[in-house]
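Me: I'm new to this one. Could you walk me through a few of the terms people use for it?

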Amino acid sequence: MKQQVALAAVTTTAATVMAVVALVRQYRKAKQDRQWGKCQRILRKFSRDCLTPVPKLWQVANAMVSDMGASLSSSDEATSSLNMFVSYASPLPTGINEKGMYYGVNLRQTKILMVCGRLQGKNQPISDLYVDEVPIPSSVMIGTSQELYDYIAAELVKFVSAHPEKDDEAPANDKKLGFTVSSGDDQSTAISGGKRSDHWNESSSGETWSEIASSCANSRIEQVDDIVGNLAGGRYYDKDCVAAITLGMGTNAAYVDTTQSAPRWHDSLPKKGEIVVCMEWGNFNTCHLPITQYDTSLDAASSNPGHRIFEKMISGMYLGEIVRRVLVRMAQEAALFGQSVPPKLLIPYLLRSPDMAAMHQDASEDREVVHEKLKEIFGITNLTTMARELVAEVCDIVTERGARLAGAGTVAIVKKLGRIANRRSVIIMEGGLYEHYRIFRNYLHSGVWEMLGNELSDNIVVEHSHGGAGTGPLFLAASPTPDS
């Protein structure tokens with residue numbers, strides 16, 4: 001009898017334990033389901049807030065067209081988020097008469113990119129192309145402008161000596177030099193709002209070698225962003241090229257217009273002819289942009305809150321940071337990565353766009369690249385396949401919005417020029433975001449196509465720049481002088 005009672009007690013205890021275990025599992029499962037549901041709700045709201053349907057894209061494009069006109073207007077009452085300026089790099093090369101050896105310099109934040117190459121006409125690639133990167137010593141960086149120019153001249157003497165022209169080409173004192181200045185693309189510069197040294201506020205283009213070598217400071221002073229060099233390269237290869245856009249860590253755009261379109265500079269421009277307008281379109285802002293709470297927090301934490309809003313939504317510097325902020329909220333409110341938030345996930349700008357692109361474009365069955373990148377960057381391990389898919393989906397939402405907004409800006413430029421309906425327009429794209437991020441590139445193209453429809457989409461041709469990175473100064477050097 002006692003054995004039966006004991007057996008019954010053991011059985012009852014075991015059943016109780018099993019029931020408790022089942023309840024604990026059920027509780028954990030219910031908690032996990034609630035947390036996963038919270039992640040899904042955060043994702044769905046973020047997706048809705050980032051939507052860019054065609055009517056929205058046209059609102060953005062039309063607002064940009066309006067701001068472009070206001071920025072060029074001579075009226076003091078015209079207001080614009082854009083602060084565009086005219087570059088005096090016009091006329092641009094045609095690809096017909098510009099042949100021979102040319103030299104170029106691209107002045108960057110901490111280095112000089114020197115390039116030379118032989119142009120052989122619009123149907124031929126650049127030959128004898130040489131590129132050399134020279135770091136700028138810290139002593140020169142903090143010195144005077146004259147010291148910087150002297151340093152550039154000295155380095156150019158060595159570069160040209162190493163890559164001379166052929167005997168039957170122009171004499172040494174007729175060497176043509178294109179000179180461009182790059183906005184900061186390094187991470188520290190972009191996070192600080194793209195501030196640059198006063199040395200970077202002066203540059204020259206199309207000057208003879210003798211003038212540059214003798215005194216860079218005495219050369220013609222123009223603000224020539226490297227985007228203008230890209231545009232010159234586009235025009236060299238295709239007469240229908242009307243604009244160039246940079247989509248990398250930073251972003252900018254430049255386009256060709258007529259002198260009559262810029263009354264603000266009427267007194268300083270020729271009576272007729274073409275001009276190149278540098279848009280600085282990263283500054284663009286409108287109430288029609290699909291701004292989310294994550295964009296607002298990113299902007300508030302930046303060194304330039306309220307400025308460069310468009311850039312903060314479409315450029316490579318910020319795409320990964322937006323993704324990180326969404327993941328932080330999911331980790332804090334829905335325990336996406338476990339009961340504690342991974343410490344490295346709280347570090348701003350730790351997720352860079354190349355890593356984001358690698359996760360987004362991971363086609364493996366279990367999203368192994370997503371797993372590897374999260375472990376490498378944030379120290380996150382033991383992530384379920386569903387969670388990896390969710391991370392990739394966040395990347396997709398951010399990328400699609402940014403690319404389609406860039407596409408809307410592309411259409412805006414062509415609309416401003418009045419070329420959408422009946423003229424072919426080529427837009428040159430430059431930058432790692434466009435060149436290496438395939439899904440971003442595809443979203444941009446599809447956005448332009450959706451805005452224009454079957455009948456008009458063939459009128460805008462979006463293509464990667466010719467000649468390769470850093471060759472823009474060569475095409476500026478090849479530009480004919482206004483007197484020619």
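Reply: Here are some short questions and answers on burial, strand pairing and phi. This is a predicted model, so to speak of local features pLDDT must be at least 70, side-chain atom pairs count only at pLDDT 80 or more, and totals for chains, interfaces and linings use all residues. Residues are numbered from 1 along each chain as its sequence is written, and side-chain values use heavy atoms, with hydrogens and water left out.

Me: Why is Ala335 called buried?
Reply: Its relative accessible area is 18%, and buried means under 20%, exposed over 50%, partly exposed in between (1.4 Å probe, protein chains only). So Ala335 counts as buried.

Me: And what makes Asp128 partly exposed?
Reply: Asp128 has a relative accessible area of 35%, so it falls in between those cut-offs.

Me: What makes the phi of Asp128 worth a look?
Reply: Most residues other than glycine have a negative phi. Asp128, though, has a positive phi near 50 degrees, and it is found in strand E4 (residues 127-135). Strands (E, at least two residues) and helices (H or I, at least four) are DSSP runs, numbered from the N terminus.

Me: How do you know that E2 and E3 pair?
Reply: Two strands pair if DSSP finds at least two bridges between them. E2 (residues 100-107) and E3 (residues 111-119) have eight, in the antiparallel sense, so they pair. Leu107 stands opposite Ile112 in E3.

Me: What makes E2 and E5 a pair?
Reply: Five bridges join E2 to E5 (residues 176-181), and the two run parallel; the cut-off is therefore met.
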